[in-house]
Amino acid sequence: LLLAALSLSLLACATSRDAAREPVVVAAAGSLAAPLRVALDSFTARTGTRVEMHTAGSVELARRVIELEDVPDVLAVADEEVFPALLRPEHVGWWGVFARNRLVLAVAPKARYAAEIDSTNWWRVAAREGVEVGRSDPALDPAGYRALMALRLGAKAYGDSGIERAVLARSPARDVRPKSADLVALLETGALDYAFVYESSARTAGLRFIPLGARVDLGDDSRAGEYREVTVSIPGKTRGSTVEVHATPIRYALSVPTAAAHFVGGMALANYLLSEDGRRVLQRAGLDTVPPRIEGAAAKRVADSLARVKARP
């Protein structure tokens with residue numbers, strides 16, 4: 001079934017009548033919402049298949065699958081580690097990495113000390129009295145635990161062990177949101193001065209942002225070994241348990257859960273998003289895509305099938 005589902009012919013399997021009755025359901029990380037919507041519309045235009053999408057923090061989406069049996073047809077997350085840490089092997093057999101990003105500190109239009117902050121002093125400015133720093137919930141969203149990782153990496157990079165404590169003092173519970181995409185509106189309205197978000201999100205919103213530097217921003221493949229020295233605990237597979245997540249270069253990944261209600265349609269959509277055509281659409285929509293890398297028990301079969309799919313001109 002897996003091999004058949006990955007065939008290019010599946011892009012035309014559903015009739016317009018079937019597509020109208022049974023949409024493919026996508027659950028996606030909030031930071032993927034804008035570029036993914038463009039790609040999903042492209043898929044619908046090619047195949048006639050309707051696609052519904054809802055967004056949340058990637059960890060929250062995984063927990064919905066585990067605890068609520070809320071299983072989408074395609075699950076797209078902001079951290080590939082979500083799949084092996086929380087969903088393999090009970091819920092997914094493979095996942096495909098397709099994009100990358102980096103963490104930045106986005107600046108509100110009227111942020112305090114906006115004229116002073118830059119890449120050489122961002123952690124000092126963010127820790128000043130009266131500053132409001134937004135971040136997402138690390139128990140729900142990878143951007144949340146990546147903010148903590150960035151602060152810990154910053155402590156190592158700048159030789160200042162107090163960075164995390166000082167910046168988090170300016171980021172109380174009222175400034176924490178379920179997913180990083182929620183922070184953009186708070187920056188635009190001035191409720192926050194700064195927020196840890198992905199570069200693609202800041203660019204899409206037209207916000208100024210401060211690069212954190214390759215030693216801190218989780219965007220440099222050559223520093224993967226340095227990043228892995230930092231870990232954060234997040235909720236595990238079972239209630240009350242935890243799992244240690246290592247800092248890694250930021251990679252987005254997707255999969256079709258084994259219990260997907262519309263497995264064939266989900267595989268067709270996943271195939272498109274991982275294809276050259278699909279990644280080209282995502283790239284144009286502002287996401288930094290990469291050649292697909294397939295991981296998991298079915299990795300070789302999935303990768304071989306994808307390699308046989310020729311992109312349309």
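How much accessible surface does the chain have, and what share of it belongs to carbon and sulfur atoms? In this predicted model, the accessible surface comes to about 13200 Å², and carbon and sulfur atoms hold 51% of that.

As for overall build, the secondary structure adds up to 14 helices and 13 strands. The C-alpha atoms sit in a box of roughly 60 × 35 × 35 Å along the principal axes. The radius of gyration is 20 Å, which agrees with the value near 20 Å that a compact globule of 313 residues would have. Of those 313 residues, 52% are buried. Contacts also reach well along the sequence: take those with a separation of 6 or more, and 75% of them join residues 24 or more positions apart. On the charge side, there are 40 positive and 37 negative side chains, and the centres of the two sets end up 3 Å apart.

Turning to the C-terminal part of the numbering, helix H13 spans residues 276–284, and its buried residues are Asp277, Gly278, Arg279, Val281 and Leu282. So what do they pack against? The partners are two helices, H3 (33–47) and H12 (263–274), plus two strands, E4 (94–100) and E13 (288–296). Just after H13 comes Gly286, with a positive phi of about 110°.

Helices H3 and H12 turn up again among the aromatic residues. The structure holds six aromatic pairs. In one of them, Phe43 and Tyr272 have ring centres 5.8 Å apart and planes at 40°; with an angle between 30 and 60 degrees, the pair counts as tilted. Phe43 belongs to helix H3 and Tyr272 to helix H12, so this pair ties together parts that lie 229 residues apart in sequence. Both residues are buried. Elsewhere, ring pairs join Trp122, Trp123, Tyr158 and Phe196 into a cluster.

Finally, there is helix H14 (residues 299–307), which contains Val302. Is Val302 buried or exposed? Its relative accessibility is 1%, so Val302 counts as buried, the cut-off being under 20%. How far is Val302 from Arg177 in space? The two are 125 residues apart along the chain, and their C-alpha atoms are separated by 36 Å.

Technical notes:
Residues numbered from 1 in each chain as written. Predicted model: local features only at pLDDT ≥ 70, side-chain atom pairs only at ≥ 80, totals over all residues. Heavy atoms only, no water. Helix = DSSP H or I, 4+ residues; strand = E, 2+ residues; numbered from the N terminus. Rg over C-alpha atoms; globule rule 2.2 N^0.38 Å. Buried < 20%, exposed > 50% of the residue type's maximum accessible area, 1.4 Å probe, protein only. Contact = heavy atoms within 4.5 Å. Areas by Shrake-Rupley, 256 points an atom, 1.4 Å probe, with all protein chains shown as cover. Lys, Arg positive; Asp, Glu negative; His and termini not counted. Charge placed at Lys NZ, Arg CZ, Asp CG, Glu CD. Phe/Tyr/Trp six-rings, centres within 6.5 Å; stacked < 30°, edge-to-face > 60°.
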